[in-house]
There are 8 protein chains.
Amino acid sequence: MSDISVVMGSKSDWPTVKETCDILDEFGVSYEKNVISAHRMPNEMFAFAQNAVDNGTKVIIACAGGAAHLPGMIAANTPLPVIGIPGQTKALGGMDSLLSIVQMPAGIPVATTAIGKAGAKNAALLALQILGITDKHIQQQIIKYRQAMHDQAKESGQYLE
Amino acid sequence: MSDISVVMGSKSDWPTVKETCDILDEFGVSYEKNVISAHRMPNEMFAFAQNAVDNGTKVIIACAGGAAHLPGMIAANTPLPVIGIPGQTKALGGMDSLLSIVQMPAGIPVATTAIGKAGAKNAALLALQILGITDKHIQQQIIKYRQAMHDQAKESGQYLE
Amino acid sequence: MSDISVVMGSKSDWPTVKETCDILDEFGVSYEKNVISAHRMPNEMFAFAQNAVDNGTKVIIACAGGAAHLPGMIAANTPLPVIGIPGQTKALGGMDSLLSIVQMPAGIPVATTAIGKAGAKNAALLALQILGITDKHIQQQIIKYRQAMHDQAKESGQYLE
Amino acid sequence: MSDISVVMGSKSDWPTVKETCDILDEFGVSYEKNVISAHRMPNEMFAFAQNAVDNGTKVIIACAGGAAHLPGMIAANTPLPVIGIPGQTKALGGMDSLLSIVQMPAGIPVATTAIGKAGAKNAALLALQILGITDKHIQQQIIKYRQAMHDQAKESGQYLE
Amino acid sequence: MSDISVVMGSKSDWPTVKETCDILDEFGVSYEKNVISAHRMPNEMFAFAQNAVDNGTKVIIACAGGAAHLPGMIAANTPLPVIGIPGQTKALGGMDSLLSIVQMPAGIPVATTAIGKAGAKNAALLALQILGITDKHIQQQIIKYRQAMHDQAKESGQYLE
Amino acid sequence: MSDISVVMGSKSDWPTVKETCDILDEFGVSYEKNVISAHRMPNEMFAFAQNAVDNGTKVIIACAGGAAHLPGMIAANTPLPVIGIPGQTKALGGMDSLLSIVQMPAGIPVATTAIGKAGAKNAALLALQILGITDKHIQQQIIKYRQAMHDQAKESGQYLE
Amino acid sequence: MSDISVVMGSKSDWPTVKETCDILDEFGVSYEKNVISAHRMPNEMFAFAQNAVDNGTKVIIACAGGAAHLPGMIAANTPLPVIGIPGQTKALGGMDSLLSIVQMPAGIPVATTAIGKAGAKNAALLALQILGITDKHIQQQIIKYRQAMHDQAKESGQYLE
Amino acid sequence: MSDISVVMGSKSDWPTVKETCDILDEFGVSYEKNVISAHRMPNEMFAFAQNAVDNGTKVIIACAGGAAHLPGMIAANTPLPVIGIPGQTKALGGMDSLLSIVQMPAGIPVATTAIGKAGAKNAALLALQILGITDKHIQQQIIKYRQAMHDQAKESGQYLE
């Protein structure tokens, strides 16, 4: 039973999604990760989504590229919040992934983050911020994580040569 | 038992999809039409797609707008050919619908037509051309339909004032 | 002390954001709404964001258009989850709003929904789904809301003429 | 006499179209392949399209890039279904190819697949799904092909490290 | 026998193409106009293009919208210069028409003008400038036409209230 | 005194424009080539354009990238036909160059070709086709050039392995 | 002798540019306004730009649409700062104007503002902010103007019903 | 106390912003440079902007990529002119950065330059042109700089081989 479930539409998304998992590891939050293809494993996708509440999952993170249906179709099958990461694509940069994920019709939201690795990191942080609403320990970790980012950014200005 | 099944993600797609049905009516081919929302009726969508072969359907036409997952998710659940019509949208003109439908990953094709009403008409004609491969009566009707379009276009040049 | 805080960059966003508030009203969840302009009220924006945790806010929803900085700048000043609604725009349809909100750099996520009114409705539902992780009453309401959407969509197929 | 005819606008499209042919080989379906340039071989293109029915062709697959007129112009000259593959392009990624192929006016459809190699594979599969309507052996092959994709996707989740 | 031949893919292009013809009328140059649909009248299109030199035509102007193949396919069938006018479109503004016309592969150029009515006017002027290379009377008319535009633009500055 | 004048906005455009010159060399038509920057050499640009008729130039070809003003500003200063080649660009692929060149307001056309090297070749061929209206030797060369392209394309189909 | 010179490429830009002038009027800064078309009045444009320093102009504001060359070509002919306003356009919303103005090559900057009326207002304010660097009265006016905007935005939140 | 302050959202912007600083060095104008992240250092960003006038800064240059809020948020907190450089981005080329910076709402302008290194150079030159309004030495330097660019461009035409 993990708080966060991270899924991707293809193993080829793993270099992106690894950024998500690295942050979740760093925060020490329990999570599961798996490949669930909307188009090649539709039944598993529905079972996964429809069982997520009973499995104790709190937040789902889903990454897919191109005609990226995974986040939205999972969202259609669970009342849990679903975070969508648009994969970067060769032909169109990821604009196809972004629009396929973010332009959900009224009724079924997907919390969309940026295209590619920045979005993958932010999907983890967003999930943690959501858990942090009621888990003050995680919220404190977010605050510290941001303080570290702040310090690192601030210091980096000294090395512009 | 109909040869063609026409579905749309929302009743608001009907003014577009009516163009499809009008052509099917004109050709006298049996078809069914229904609203099946990928996001609001996911179980019905899967049941529909997974039963389509057994129901005697030969070609499926699906129209949806925005993050348009309906054609691709149906395609993932049936070995029948699926034709996708990208709905025109207010914000982005239908570029979101188009990319959500056409940019399917390798393995699960959707035969995508143009955005909006032109695409809706062409979805009907494409389905008929597919049936026409083995049904020479339909193929003859296509040839006549084109001849009529040809004659009308040719004659229209006389009225440019 | 409200669970959800809804802000918009300009009173001209209200017709969009009203869709958000109508759903929150329907669910009976406490919320506040206000105009906070990132560019015209930057100090208030920072004060708002930096005080949000202490004010008992759990989720922030922010709508803005064009070079839409409001959601991202609020997100930079609070560890709470921030949901961003890209406003539809006259010149570019809202592509500018969408990219300004969704393409956040690694570190500070904004949970982005669709452009315009669909996104406004979904921002409310996403906030409710987030609260529903720990508030099972809200989660049940989401499930009922979806059931009603489902029934309405299903029934609508009978009226395609 | 082949069931499927695969044409491309230029020999430079071959690395893309080879993906189509590899799948057709795998399925053991008869096909022909050729270079037919819409702009450099217009008469051959018309002869090819106008003779396709008589030659026993059932489905035509055409790949072209940039101002990609080949699929649409073939479609205008045959009642057979034509599948269009938009080639990826250096300057615009293939958005030019995609719009030139998919945005056909009402009357003459082109069944458009994704840009580049994914679309090339899917063009083959779509042609096979079309033949599979009446050829249950091919339909069974499609079902097995999908099962293999399913199994491979499912198994791949074990190797995310 | 006319110097300029103006064709359009559909009678619905006439409000745009009328701008072309009005300028040609104003200059008193002989021209013909007709509807020739690339997709509905392909044989007539080829005959038109292949006979253009023998018919004494010097410049061809072609307008089409969406997957606009008319200018490029005419160009492929004649050594005469072909000017393409991208029609404005409802869904994508004419970006589809523009890319379908301008992105011609090496070998067969189309002289592309702006989307819509501005492009229609400029197609006429470009044709006249081409004729003006060797017809100094037309070149003088162009110079006068520009002088009039100049004077009108200059004077218009007085009425900014 | 050359028939064709080829200019580019920067020496960095030369690898593109060399494709233009290679074709003009092949056809043996007299031409001049030069760097004339609209933004760094505005006076030379105007002098060049305003003297072109007197210098015996018949067609001008201009290549520029980004906010590509060179073709349009030359066109504004000469009654000769001006062909514009949009340079490919790193950030936006050349969409910026294309729109800056093709979207000319009514009154001053630029005959725009494709982005990058395909457009550079086609600019040469378009200029030759224009000269070929009255110079039947050049028109014959165009016809032979096309025949060679045709033969090469046709033959290339034998080597698809 | 005015501090600011406001020019537009066509009288049709006046409804946009009036927004610029209204703000300059409100601030009581001296300015001139005129129509100067880059393409129809190129010599006047150059004379205007080359004389601007001697005429005592400090900042130039230029608005144009489509292939908008006016701001960049003025900038190429004066060492004064030039502010460019991209006009909104029917076909492409103003994306063409924006890219034609902002994507200037290294060497000749144009200070670009937003598409349409928002950009027109901001062009005035940017010019005033530039003058305000050394004219503290204007800088104070800017501060007051912003305070008024602030108060109005803040108060507007009370009227969300 | 420096005339110009150059800030960037991340040290990763330095290769771009170095182009700005190299030109400022070449002109011998005093400037400061620093990393100030809108999202990771929001308080420092506001302090920086709100103190800029008192610190004697005259012009601010800010570079950021993606959802680039830095230039606009600085502009909202100072009456000084702010120049924004859109960083080039991997997924979308910098279209996201450009729209996030240039599409500012009425009231708070950002003087936007081109995407990437060309824009970085032009940001320096624009700042210098602004200072040159009242500092005739700088204005003379601009004129000389342009003369050198002119000479180099003109001469480069000799080396096209």
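The legends below describe close-up views of a predicted model.

**Figure 1. Interface between chain C and chain A.**
Chain C and chain A each bring 41 residues to this contact. Together they bury about 3,300 Å², and carbon and sulfur atoms account for 66% of that area. The view contains zero salt bridges across the interface of chain C and chain A. Polar contacts between chain C and chain A number 21 residue pairs, with both residues at pLDDT 80 or more. On the chain C side, two or more residues come from each of α4 (95-102), β5 (111-112), α5 (117-132) and α6 (136-156). Of the elements, α5(C) has the largest share of this side, seven residues. Sorted by class, the side of chain C that touches chain A consists of 28 nonpolar, 10 polar and three charged residues.

**Figure 2. Surroundings of C:Gln139.**
C:Gln139 belongs to helix α6 of chain C. Its relative accessibility is 4%, so C:Gln139 counts as buried. With neighbours within four places in sequence set aside, the residues in contact with C:Gln139 are A:Val53, A:Pro79, A:Leu80 and C:Gly132. Helix α6 of chain C is also one of the elements that give two or more residues to the side touching chain A.

**Figure 3. Interface between chain A and chain B.**
This contact takes 24 residues from chain A and 24 residues from chain B. The area buried between chain A and chain B is about 2,000 Å², with 68% of it on carbon and sulfur atoms. Zero salt bridges are found across the interface of chain A and chain B. Nine residue pairs, both residues at pLDDT 80 or more, are in polar contact between chain A and chain B. Three helices of chain A, α2 (42-51), α3 (70-75) and α4 (95-102), each supply at least two residues of the side that touches chain B. The most comes from α2(A), with five residues. The class counts for the side of chain A that touches chain B are 14 nonpolar, nine polar and one charged.

**Figure 4. Stacked phenylalanine pair between chain D and chain E.**
Over all chains, the structure holds 12 aromatic pairs. In the pair shown here, D:Phe46 and E:Phe46 have ring centres 3.7 Å apart and planes at 10 degrees, so the pair is stacked. The rings sit in helix α2 (residues 42-51) of chain D and helix α2 (residues 42-51) of chain E, so the pair joins two chains. D:Phe46 has a relative accessible area of 4% and is buried. E:Phe46 is likewise buried, at 4% relative accessibility.

**Figure 5. Tilted aromatic pair within chain F.**
F:Phe27 and F:Tyr145 form a tilted aromatic pair, 5.5 Å centre to centre with 50 degrees between the planes. F:Phe27 lies in helix α1 (residues 14-27) of chain F and F:Tyr145 in helix α6 (residues 136-156) of chain F, so that the pair links distant parts of the chain, 118 residues apart. Both F:Phe27 and F:Tyr145 are buried.

**Figure 6. Salt bridges along helix α1 of chain D and of chain F.**
The count over all chains comes to 32 salt bridges. In chain D, D:Lys18 forms a salt bridge with D:Asp22, and the closest N and O atoms are 3.2 Å apart. D:Lys18 and D:Asp22 are four residues apart in helix α1 (residues 14-27) of chain D, about one turn of the helix. D:Lys18 is partly exposed, with 35% relative accessible area, and D:Asp22 is partly exposed, with 34%. In chain F, F:Lys18 and F:Asp22 form a salt bridge with the closest N and O atoms 3.2 Å apart. F:Lys18 and F:Asp22 stand four residues apart in helix α1 of chain F, about one helical turn. F:Lys18 counts as partly exposed at 34% relative accessibility, as does F:Asp22 with a relative accessible area of 36%.

**Figure 7. Salt bridge between F:Lys58 and F:Asp3.**
The closest N and O atoms of F:Lys58 and F:Asp3 are 3.4 Å apart. F:Lys58 is in the loop between α2 (42-51) and β3 (59-64) of chain F, and F:Asp3 is in the segment before β1 (4-8) of chain F, so the salt bridge ties together parts that are 55 residues apart in sequence. F:Lys58 is partly exposed, at 30% relative accessibility. F:Asp3 is partly exposed at 21% relative accessibility.

Conventions: Residues are numbered from 1 along each chain as its sequence is written. Chains are lettered from A and ligands numbered from 1 in the order in which they are written. This is a predicted model: local features need pLDDT of at least 70, side-chain atom pairs count only at pLDDT 80 or more; totals for chains, interfaces and linings use all residues. Side-chain values use heavy atoms; hydrogens and water are left out. Contact means heavy atoms within 4.5 Å. Buried area is the accessible area (1.4 Å probe) that two parts lose on being put together, summed over both. A salt bridge is a side-chain nitrogen of Lys or Arg within 4 Å of a carboxyl oxygen of Asp or Glu. A polar contact is a pair of N or O atoms within 3.5 Å; within protein, one must be able to donate a hydrogen and the other to accept it, and residues adjacent in sequence count only if both atoms are side-chain atoms. Ala, Val, Leu, Ile, Met, Phe, Trp, Tyr, Cys and Pro count as nonpolar, Asp, Glu, Lys and Arg as charged, and the others, Gly among them, as polar. Rings of Phe, Tyr and Trp (its six-membered ring) pair if their centres lie within 6.5 Å; planes under 30 degrees apart count as stacked, over 60 as edge-to-face and the rest as tilted. Buried means under 20% relative accessible area, exposed over 50%, partly exposed in between (1.4 Å probe, protein chains only).
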